[in-house]
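Trainee: I have not looked at this one before. Can we go through it piece by piece?
Mentor: Yes, here it is.

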Amino acid sequence: MDALSEAFRLIITLDSDLFEILWLSIRVSVTALVISAVIALPLGTWLAITRFPGRKFCILLLNALMGIPPVVVGLIVYLLLSRSGPLGWLGLLYTPSAMIIAQVVLITPIIAALSNQVIEHLHQEYRDTFYSMGITGRRAVAAYMVDARYALTTCILAGFGRAIAEVGAVIIVGGNIDHLTRVMTTAIALETSKGNLTLALALGAVLLTLSLLVNALVIGIREYAAKRQYA
Amino acid sequence: MPSSLLPICISDLRLIKGNRAVLQGVNLRIYEPGITVIMGPNGAGKTMFLRCLHGLIIPDQGVITLGPLTVANSRDEQAMVFQQPVLLRRTVLQNLAFAAPGIAKTDPRRLIQALESVNLTDRAGQPARMLSGGEQQRLALARALLNEPALLLLDEATASLDPASVLLIESLVKAQSARGTKVILVSHDQCQARRLADEIVFIANGQVAEQSPAEQFFTAPQTRTAKAYLAGEILF
């Protein structure tokens, strides 16, 4: 109980350590999310509306990668970025950039697979009309993305939820270094193992609040879109 | 000015769906401008024929030419209105702008004029999918006509609409035909066919059973199937 009240005191008094960790978590996850969205949304859309040999395998692969264990992603990125790895010369290991890369690898398949399903559904509806109007290629991809904007936003938020709550990959490639690569989830793991429940609880409360906010946003977007027949 | 896609020549068109020949050896020549109505019982192959003409379905056999062009390279000259209008998840005006980005950029007043022509000016800023069925179909027609197609195809575009919407759409189709667009429309509605058609193509069992001027078709149909159809008898 004491730990809980102390945790709320940390939040209310805007504790600098807590907010440093919070800010880094958001910075890493939002950056990863933006990069992933730029890659995954057009990829998911393109896979939904084009037909080529191996397309089904690509979709299968994306769906399979949705469930890839974060520690495996962490290990792969670690091997790539380690001093003896192919990208070791970049010197990114144990930096926020490495954490961003790991999160991009982790959430790109999620956003791509979810957006693929959304656009597949829309494509069934629009295909004949777009053919009739001569809408193809990039213009079609852009049009699908605009028309599925609300559903795609929820896909992106699902990616954000996964990124912000992720611990396995970022702890491997970030190293959980204080004031450098310590994010909410890795800090919670560390502080709990040290028995310092105050900071862990405060971070947990913030993480839970963020998760609630993201979910509320998803529901709000869905309702707004449904009301305007944009869903 | 007559449509640049005339004459429309269809030779030995064959389309198999599953194990069934939906179209079997369709031969047809359409030389005249104006409005051609395709009639026939359910399952006769009218919609499939129209979709082949538009390039939405590639037939298993046969050749289609539209004036000097093939189906594939006449796509920009054609427009089609479907039985169920598909509108983008955008406003009414944005739906038009999307169909004709060039016009939207250079002469946006034409978009407003297009909305005026289908009595939807006051709905310009509304989400298109919130319109009623009749309004959605009017918008789909306005969108199809924006680029002044040489060939306009309508697949039972007025089915399940109220009489006022039907008449408005018919008047727009007639006006467009008078401007030189060749119109081919599929309809079950004999009254509508009598009001609109210059020529009737009657399809039964995946074949063209009869092609004649509208007046002649309704007063003296040449085939027994057409007579039975017009008399409202059940055809198999």
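**Helix contacts in chain A**

Mentor: M184(A), A187(A), I188(A), E191(A) and T192(A) of α9(A) are in contact with L197(A), L199(A), A200(A), L203(A), G204(A), V206(A) and L207(A) of α10(A). Contact means that C-beta atoms, placed from the backbone, lie within 7 Å. Helices are DSSP runs (H or I, at least four residues), numbered from the N terminus. This is a predicted model: local features need pLDDT of at least 70, side-chain atom pairs count only at pLDDT 80 or more, and totals for chains, interfaces and linings use all residues. Residues are numbered from 1 along each chain as its sequence is written, and chains are lettered from A and ligands numbered from 1 in the order in which they are written.

Trainee: How do the residues of the contact of α9(A) with α10(A) divide by class?
Mentor: Nine are nonpolar, two polar and one charged. Ala, Val, Leu, Ile, Met, Phe, Trp, Tyr, Cys and Pro count as nonpolar, Asp, Glu, Lys and Arg as charged, and the others, Gly among them, as polar.

Trainee: And at what angle do α9(A) and α10(A) pack?
Mentor: About 150 degrees, with the axes 8 Å apart. That makes α9(A) roughly antiparallel to α10(A) (over 145 degrees counts as roughly antiparallel, under 35 as roughly parallel, 65 to 115 as roughly perpendicular and the rest as oblique). Axes are lines fitted to C-alpha atoms, for helices over the stretch in contact, and angles run from 0 to 180 degrees between N-to-C directions.

Trainee: What about α2(A) and α10(A), at what angle do they cross?
Mentor: Roughly 40 degrees, and their axes come within 11 Å. That makes α2(A) oblique to α10(A).

Trainee: Which residues meet there?
Mentor: L18(A), I21(A) and L22(A) in α2(A) meet L199(A), A202(A), L203(A) and V206(A) in α10(A). By class, this contact has seven nonpolar, no polar and no charged residues.

Trainee: Which residues of α10(A) are buried?
Mentor: L199(A), A200(A), L201(A), A202(A), L203(A) and V206(A); buried means 20 or more other C-beta atoms within 10 Å of the residue's own. The buried residues of α10(A) pack against α1, α2 and α9 of chain A.

Trainee: Switching topic: how many residues does each chain give to the contact of chain A with chain B?
Mentor: Chain A gives 13 residues and chain B gives 15. On the side of chain A, α5(A) supplies the largest share, seven residues.

Key
Helix = DSSP H or I, 4+ residues; strand = E, 2+ residues; numbered from the N terminus. Contact = placed C-beta atoms within 7 Å. Buried ≥ 20, exposed ≤ 12 C-beta atoms within 10 Å, placed from the backbone.
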